[in-house]
Amino acid sequence: MDRLAPPPGDLLAIGVEVAREAAATAYRMRAEGVSVAATKSTVTDVVTAADRAVERQVLDALHQLRPGDAVLGEEYGTGDTGPVEPGGVRWIVDPIDGTVNYLYGLPYSAVSLAAEVNGVVVAGVVRNVSTGEEWTATAGGGAWRDGVRLRCSGETDLGQALVGTGFGYDAGRRAHQARVVAGLIAHVRDIRRLGAAALDLCLVAEGRLDAYFEKGLAAWDLAAGGLVAAEAGVLVTGLDGRPPGPDLVLAAPPALFAPLHDRLAALDAAGGP
């Protein structure tokens, strides 16, 4: 039997409660000192004890509040949850997006939590661990920060656009991404690499970045921040009509989308390792 998911606003309320508590734990653990617990794809792709502790806290909280929901997390995968039933809810969590920033004490890391129903993200929250800034969105309900509805940049000239991006951990991928940046930088105002995809997407949502692109994002990097951006009027896609995903995520206002898309396609931004 199909399950009936709650309205997006109800899911968002749960997500905000859980994300705030998780961000408080991450903040406390950073103040107490943090060290590398493990590495993933390369020796520079680190996992801290806080990543694992925060994700476990989120999993436990969701189990208490929404027993039976599925969860996909960066550190524990599907954890102890089963497959998603038709009409059921799957939560997508990045316990600390921007782990290297977090490790070094740079104030640009976040807890990202989204709720997905039938493969569509319907609610999301991104909370900056250091500053407490919080972005939220529901499908069709707009994107918000501190009670203010967000709208993306109105910039129309790619040459005046401040564009965010990020780099993978594999050396071959980084080399390809560096070539893309080298080919793009003369055609935009400037480029920023801030180190946390969820926050980058939220900054595009409110126009603090004009656009953003990156290859190699996972579902937990994209889910909540992508909804925030889309609900603020940003086009969030891949290249050449493909959906956003590991090959490439491009987030840009309508006026900048075509010129930035075409430039990135010419630079083979979705290619390489």
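**Notebook: helix pairs, strand β7 and the domain boundary**

I began with helix α2 (residues 49-65), where I found R56 and D60 both placed, 4 residues apart, which is about one turn of the helix. Their side chains meet in a salt bridge, with N and O 3.8 Å apart. I keep in mind that this is a predicted model. I then looked up how covered the two residues are: R56 is partly exposed because its relative accessible area is 30%, and D60 counts as partly exposed as well, at 40% relative accessibility.

**Entry on salt bridges**

I searched the whole structure and noted 12 salt bridges. One of them joins the side chains of E134 and R20, at 2.8 Å from N to O. What does this pair tie together? E134 lies in strand β7 and R20 in helix α1 (residues 8-32), so the salt bridge links parts that are 114 residues apart in sequence. I checked the accessibility of both partners: E134 counts as buried because its relative accessibility is 9%, under the 20% limit, whereas R20, at 43%, counts as partly exposed.

**Entry on strand β7**

I next followed strand β7 (residues 134-138), and I wrote down that it is mostly covered, with 5 of its 5 residues buried. Which way do its residues point? I see E134, T136 and T138 on one side and W135 and A137 on the other, and all of them are buried. This fits a rule I was taught, that in a regular strand the side chains alternate between the two faces of the sheet.

I then looked for the partners of β7. Strand β6 (residues 120-128) pairs with β7 in the antiparallel sense over 5 bridges, and G124 stands opposite A137. The two strands form a hairpin with 5 residues between them, and G132 in that turn has a positive phi of about 80 degrees. On the β8 side, 4 bridges join β7 to strand β8 (residues 142-145), again running antiparallel, and here T138 has G142 as its bridge partner. β7 and β8 also form a hairpin, with 3 residues between them, and G140 in the turn has a positive phi of about 80 degrees.

**Entry on the whole sheet**

I traced the strands outward and found an open sheet of 7 strands in the order β3-β4-β5-β6-β7-β8-β9, with mixed pairing. The edge strands are β3 and β9 (148-149), each of which pairs on one side only. I noted that β8 and β9 run antiparallel and are joined by 2 bridges, with W144 opposite R149.

**Entry on the two domains**

I looked up how the chain is divided, and it falls into domain 1 (8-149) and domain 2 (158-267). Their centres, taken over C-alpha atoms, are 21 Å apart. I noted that 38 residues of domain 1 are in contact with 24 residues of domain 2, and that the two domains bury about 2,200 Å² between them, 65% of it on carbon and sulfur atoms. Which three residues supply the most of what domain 1 buries here? D97, Y108 and W135 supply 29% of that area, more than any other three residues.

Across this interface I found 2 salt bridges and 9 residue pairs in polar contact. Several elements supply at least two residues each to the side of domain 1 that touches domain 2, among them α3 (99-104), β6, β7 and β8; β6 gives the most, with 7 residues.

**Entry on the charged network**

I ended with a group of charged residues, and I recorded that E133, R145, D146, E206 and R208 are linked in a network of salt bridges. R208 forms a salt bridge with E133, with the closest N and O atoms 3.2 Å apart, and the side chains of R145 and D146 meet in another, at 3.2 Å from N to O. Is E206 buried or exposed? I found E206 in the loop between α5 (197-205) and β12 (211-214), and E206 counts as buried because its relative accessibility is 17%. D146, by contrast, is exposed, with a relative accessible area of 59%. The side chain of E206 makes a polar contact with that of R208, at 3.3 Å. Leaving out residues up to four places away in sequence, I noted that E206 touches W135, R145, L150 and R151.

How values were computed
Residues numbered from 1 in each chain as written. Predicted model: local features only at pLDDT ≥ 70, side-chain atom pairs only at ≥ 80, totals over all residues. Heavy atoms only, no water. Buried < 20%, exposed > 50% of the residue type's maximum accessible area, 1.4 Å probe, protein only. Pairing = 2+ DSSP bridges. Domains from an automatic or database assignment. Contact = heavy atoms within 4.5 Å. Buried area = accessible area lost by both parts, 1.4 Å probe. Salt bridge = Lys/Arg side-chain N within 4 Å of Asp/Glu carboxyl O. Polar contact = N/O pair within 3.5 Å; in protein donor to acceptor, adjacent residues only side chain to side chain.
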